[in-house]
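The following questions ask how the assignments in a structural model are justified. Each answer sets a value against its definition and then concludes.

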Amino acid sequence: MSQVVVGAIANDSDLAAFAAVDGEAFADSAADTERWLRAAGDALQVRVARVDGTVVGGYGLYPAREFIGGRAVPAQCVITVAVE
C-alpha cells in the first residue's frame, strides 16, 4: 500500500499539478487556477499530497489576523482543499 506524503511545493511542476487537481475539483481551468495561486504570492502556503511522487491533492493557507480581546492573533485561512 502506498503512503501519502504531504509537503511544500518543490517546483513549478508541483504547482501546475496541484492547479490541475484543484481546477478539476472546482470546475475551473488549470491555467486559471495556477494564475490565482501565483497571484497570491509568497504569502500563500500550498502543501501538496503525493502518492508515489505524484501530486494527488493539497491545500492552500493564507495568513490572516484574528482579533481576540482587542489583540491581533496570527491565524491562517484555508482557501482551497482538493484531492483527486
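Q: What makes β2 and β3 a hairpin, and which residue there takes a positive phi?
A: In this predicted model, two residues lie between the strands β2 and β3 of the hairpin, and D52 has a positive phi near 50 degrees. A strand is a DSSP run of E with at least two residues, a helix a run of H or I with at least four, and both are numbered from the N terminus. Pairing requires that DSSP find at least two bridges between two strands. Seven bridges join β2 to β3, so the pair meets that criterion. The two strands run antiparallel, and V48 has G58 in β3 as its bridge partner.

Q: How many bridges join β3 to β4, and which residue in the turn of their hairpin has a positive phi?
A: Strand β3, residues 54–68, is joined to β4 by twelve bridges in an antiparallel arrangement. Their hairpin also has two residues between the strands, and G69 in the turn takes a positive phi of about 60 degrees. Two positions illustrate the register: F67 has A72 in β4 as its bridge partner, and G57 stands opposite V83 in β4.

Q: Why is the sheet called open, and which are its edge strands?
A: The four strands follow the order β1-β2-β3-β4 with antiparallel pairing, in an open sheet. The edge strands β1 (4–8) and β4 (71–83) each pair on one side only. From one strand to the next the twist averages 25 degrees. In general, strands of a sheet pair through backbone hydrogen bonds.

Q: Where does helix α1 lie, and at what angle to β3?
A: Helix α1, residues 12–25, lies across β1, β2 (45–51), β3 and β4, at about 80 degrees to β3. Such axes are lines fitted to C-alpha atoms, for helices over the stretch in contact, and angles between N-to-C directions run from 0 to 180 degrees. Contact means heavy atoms within 4.5 Å.

Q: What makes up the largest nonpolar core?
A: A nonpolar core is a set of buried Ala, Val, Leu, Ile, Met, Phe, Trp, Tyr and Cys residues joined through side-chain atoms within 4.5 Å. Buried means under 20% relative accessible area, exposed over 50%, and partly exposed in between, with a 1.4 Å probe and protein chains only. The largest such core has ten residues: L15, F18, A19, V21, L37, L44, V46, V48, V55 and A82. Both α1 and β2 give two or more residues to this core, and α1 supplies the largest share, four residues. Beyond four places in sequence, V48 touches residues including V5, F18, V55 and G58.

Q: How do you know that D22 has no salt bridge?
A: A salt bridge needs a side-chain nitrogen of Lys or Arg within 4 Å of a carboxyl oxygen of Asp or Glu. Lys and Arg count as positive and Asp and Glu as negative, while His and the chain ends are not counted. D22 is buried, and R35, the nearest side chain of opposite charge, is 13 Å away, so no salt bridge is assigned. D22 is found in helix α1.

Q: On what basis are these values computed?
A: Local features of this predicted model need pLDDT of at least 70 and side-chain atom pairs 80 or more, whereas totals for chains, interfaces and linings use all residues. Residues are numbered from 1 along each chain as its sequence is written, and side-chain values use heavy atoms, without hydrogens and water.
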